[in-house]
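Colleague: I'd love a close look at a single part of this model, taken slowly and set in the context of the whole fold. Please give me your cut-offs as you go.

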Amino acid sequence: MSRTLRLYVLAACIGGLVGPAPALANEDAAARAQEERPELPVLVLEIGAGVRFRNIHLEVGDGASGSESRSFETGAYFDFAWHLLLRPMARRTSRPSAQAILLQLDGGSGIALRAEVSGIELETNTWRMLGQFGYLYPMGRLQLGGLVGVGGDVFAIDLNSVLPSSRIIYARLGPALCYALVPRFLSIRADFGLRVPFYFGALEDAFGDRTSGIGLDAALTLHGWLNVGFSYAVRFVWEYYRLRFSGSSMNVPAMGDGGDGNDHALTIQFLFGWSL
């Protein structure tokens, strides 16, 4: 009996010495995984302003078997901007596949701008809005995925004989990646997109009802947020459209007989807001 008791005591001692080691190792691994997992905000709401440059150049038919160039350059102008990002599952689950889901809304406007066309000063307003559904999968400091959505770019200008107003509505698709340089405090994000316009507004009336085009964009964002909720960002955005005009046009002041053109813009934004 005593020998059996001694064996049980010896086995218990050995189990006490060896058993906790795997448990401690598992706890350490879980702690490291928790530290490496990015703390993602559920909501980011930011507004701000910046500088925007826009250049439109068209080559359109002059109605006499020739063509004429029409250009519009804004120079630098004040641009109001806003940004909304929502991650509905960021705090509801620890699964990265669910945390990756996001909704994003971006916009900007330039109101009551003054532009000179053919020596005449005209009032110009611009509006932009882009709503997207996205998926950015978190892998340590890196997030990788893409976004898809629909946007609009409105350019309104007083009636003139050079350039009509436009209302480009487009579908957008593109990849995105984000890397935390300093977790939470400073991250860098890059977005690239293909835009497929399906509505052109007054451009179709002026230059042809079979107007078509393709667009590209790229954005680089430096952003961060603090525990108290304050968030900040600096964004550099490039946008480009290649346009082709054909078909019948209407009798409007800026009409032309088909042709092609391009429209590109560069924007620098400084945004501040709140995050949860």
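Modeller: What follows goes from the overall fold to one side chain in the wall, and then to the rings and loops.

With pleasure! This is a predicted model, so to speak of local features I need pLDDT of at least 70, and side-chain atom pairs count only at pLDDT 80 or more, while totals for chains, interfaces and linings use all residues. Residues are numbered from 1 along each chain as its sequence is written, and side-chain values use heavy atoms, with hydrogens and water left out.

First, the setting. The protein has four helices and ten strands, where helices (H or I, at least four residues) and strands (E, at least two) are DSSP runs numbered from the N terminus. Along the sequence they follow the pattern α-α-β-β-α-β-β-β-β-β-α-β-β-β. Ten strands close into a barrel, in the order β1-β2-β3-β4-β5-β6-β7-β8-β9-β10, with antiparallel pairing. From one strand to the next the twist averages 20 degrees; the axes behind this angle are lines fitted to C-alpha atoms, for helices over the stretch in contact, and angles run from 0 to 180 degrees between N-to-C directions.

Some of the pairings can be followed residue by residue, with two strands counted as paired if DSSP finds at least two bridges between them. β2 and β3 (residues 101-117) pair over seven bridges, and Leu84 stands opposite Leu105 in β3. β3 and β4 are joined by 15 bridges, and here Leu105 faces Gly131 in β4. β4 (residues 120-139) then pairs with β5 (residues 142-157) over 16 bridges, and Gly131 is set opposite Val150 in β5. That gives you a row to trace across the wall.

Now the part for the close look. Arg195 sits in strand β7 (residues 186-199). Arg195 is buried, with a relative accessible area of 4%; buried means under 20%, exposed over 50% and partly exposed in between, with a 1.4 Å probe and protein chains only. Leaving aside residues up to four places away in sequence, Arg195 touches Tyr170, Ala171, Arg172, Ile214, Gly215, Asp217, Glu239 and Tyr241, a contact being heavy atoms within 4.5 Å. Tyr170 and Arg195 are 25 residues apart in sequence, with 6.0 Å from C-alpha to C-alpha. Two side chains make polar contacts with the side chain of Arg195: Glu239 at 3.2 Å and Tyr241 at 2.9 Å. A polar contact is a pair of N or O atoms within 3.5 Å; within protein, one must be able to donate a hydrogen and the other to accept it, and residues adjacent in sequence count only if both atoms are side-chain atoms.

Another arginine makes a good companion to this one. Arg184 is in the loop between β6 (166-182) and β7, and is partly exposed at 23% relative accessible area. Its phi is near 75 degrees, a positive value in a residue other than glycine. Arg184 lies over the face of Trp225, 5.4 Å from the ring centre; such a charge needs NZ of Lys or CZ of Arg within 6 Å of the ring centre and within 35 degrees of the ring normal.

The rings also meet each other. The whole structure holds seven aromatic pairs. In one of them, Phe80 and Trp82 have ring centres 5.7 Å apart and planes at 45 degrees, so the pair is tilted. Phe230 and Phe272 form a stacked pair, at 6.3 Å centre to centre and 20 degrees between the planes. This second pair links distant parts of the chain, with Phe230 in β9 (residues 230-245) and Phe272 in β10 (residues 259-275), 42 residues apart. Rings of Phe, Tyr and Trp (its six-membered ring) pair if their centres lie within 6.5 Å; planes under 30 degrees apart count as stacked, over 60 as edge-to-face and the rest as tilted. Ring pairs join Phe230, Tyr232 and Phe272 into a cluster.
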